[in-house]
Amino acid sequence: MIRKLIGRVFRLNKQQGGGRVVIPLKRHGISRDHLPTFALKTTDQLQAAGYEAYIVGGAVRDLLLGKDPKDFDVATNATPEEVHKVFRRSRIIGRRFKLVHVLFGDEVVEVSTFRGSGDAMTDDAGRIIRDNTWGSQEDDAKRRDFTVNALFYDPNREEIIDFHGGVADIEKKRMAMIGVPAVRYREDPVRMLRAVRLAAKLGLSIDPVTRKPIRELAELLENVPSSRLFDEMLKLLFSGHSWVCLMQLRDEGLHHGFFPLLDKMMAMPHGEAFLRTALENTDRRIREDKPVSAGYVFASLLWLEVLDNWDKRKAAGEKPMLALFSAIDEVEAVQEEKLAIPRRYGSTTKEIWALQPRFEHRSGIKPFRLLEHPRFRAGYDFLCLRAGSGEVEQELADWWTEFQAADGQKREAMLIRPQAGDPATKKRRRRRGPRGGAGVAVDNAQ
Ligand code: ATP
Ligand code: MG
């Protein structure tokens, strides 16, 4: 009786999963030469050593969608130690999940052994805390998140192996979770962020059954270690679709656990315009393959918080420059605690912020000094961003655009002469006092 029942449940699961479907080249169109040599060498050498080896996950999905994969992962039935023996230039990494990094010049291929989720240990909230058991290819497909992410490509046979209807979902531009969505989100709440990020990045729609539990389970993100959230944040910011992703995360109520300052910032004057201009700029640069510094992006994400904090301090009577530095320190502490942005990104961010008041000085020697500052360019770009969203006068940014391009004579002519009785003039006199001025503090802080 029990055996019969198990048999029925098992068959049902198999039907849901659809079993192992082999999709030939003429249906999917991905020939071997779509793949870079280093990826082919990895699967070829593993297969030559007698193992199964497939390109797996995001790369297969991206190829089917006609996009350039950003990295190539391989799945195999060889254990990490066996993989390591096949490739002289490789190393075993990871404690929780052992993986092998195979190196070809600057390129790294991540090779993982087929894994099951058979005896995964979960915590009280249902989150997986240990999962290091090897499994079959079918097990490996099942433990992945979305059907479109669970495809295996064999470059020698030029076949795709599909257990969950991922190829059909790609054709329908649909993201659907493998298994029961709520259970899979409880196992790993980051999957909720991945659903939204990948859908926005790839132009797929989230299947209603996969989308439905997200709002209700959003708070589970609070249990996720901040380092993982930070990894997701980086992926989102550098996806080339960061603005759309962030807005969709907000629509799903996922931003509370991910970027708690977002609501407050969007409600500020110029807040939405500023964030939108900043992120769309970054997105454009990424899509044009131009470099983007993480420090700059974080500077724009958090600037409104710095401004808000700075304004409050000034209103309470603190001196402007000292108030700015205290505001920066306070926001930095918040970013570390709430956003898990590691300190190593902080120095560029801080420099960009600290330069902003210096753009307001358009007389005497100061503008010339600022032009020579090693971070002038980043600071100026940031000023343009502020101007673009109406947070500072466009005229100020235009002045700096012209000043940079001008020759020496024209620059002199552009300087704005302080008027007698101008409060700025009085302030400057006071700053030249024996105890040094706030302007000096800026220089020291770089
Ligand atoms: P991206 O284009 O952002 O790299 P990706 O899908 O390749 O997207 P990776 O983080 O590189 O994302 O993961 C590789 C593969 O590992 C995924 O395609 C998916 O099959 C699996 N995977 C990643 N994260 C999870 C997760 N949280 N739960 C289940 N499977 C996951
Ligand atoms: Mg990937």
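In this predicted model, Ile 93 sits across from Leu 99, a residue of strand S5. That pairing belongs to the contact between S5 and strand S4, which spans residues 90-93; the two run antiparallel and are joined by four bridges. S5 also pairs with strand S6, made of residues 107-113, again in an antiparallel arrangement, this time through five bridges. Here Val 100 has Val 111 of S6 as its bridge partner. The link from S5 to S6 is a hairpin with two residues in between, and Gly 105 in that turn takes a positive phi of about 55°.

How many residues of S5 are buried? The count is six of the six, covering residues 99-104, so the strand is largely enclosed by the rest of the structure. Buried here means under 20% relative accessible area. Looking at the strand face by face gives the details: Leu 99, His 101 and Leu 103 are buried on one side, while Val 100, Val 102 and Phe 104 are buried on the other, leaving both faces covered. Leu 99 and Val 100 thus turn up on opposite sides of S5, with Leu 99 standing opposite Ile 93 and Val 100 bridged to Val 111 in S6.

Turning to the ligand, 17 residues surround ligand 1, and Arg 61, Lys 70, Asp 188, Arg 191 and Lys 235 are the closest of them. What kinds of residues make up this shell? It breaks down into 13 charged residues, three polar ones and one nonpolar one. Several helices take part: H4 (58-64), H9 (190-202) and H11 (226-237) each bring at least two residues to the shell. H9 is the biggest giver, with five residues. The shell also draws on two domains, with at least three residues from domain 1 (1-172) and at least three from domain 2 (178-259).

Some of the contacts can be picked out atom by atom. Arg 191 places a polar side-chain atom 2.8 Å from a nitrogen atom of ligand 1. For Arg 197, an N or O atom of the side chain lies 3.0 Å from an oxygen atom of the ligand. Lys 235 likewise has a side-chain N or O atom 2.8 Å from an oxygen atom of ligand 1. As for overall cover, ligand 1 on its own has 590 Å² of accessible area, and the protein covers 85% of that.

Notes: Residues numbered from 1 in each chain as written. Chains lettered and ligands numbered in written order. Predicted model: local features only at pLDDT ≥ 70, side-chain atom pairs only at ≥ 80, totals over all residues. Heavy atoms only, no water. Buried < 20%, exposed > 50% of the residue type's maximum accessible area, 1.4 Å probe, protein only. Pairing = 2+ DSSP bridges. Near = heavy atom within 4 Å. Polar contact = N/O pair within 3.5 Å; in protein donor to acceptor, adjacent residues only side chain to side chain. Areas by Shrake-Rupley, 256 points an atom, 1.4 Å probe, with all protein chains shown as cover. Nonpolar A, V, L, I, M, F, W, Y, C, P; charged D, E, K, R; others polar. Domains from an automatic or database assignment.
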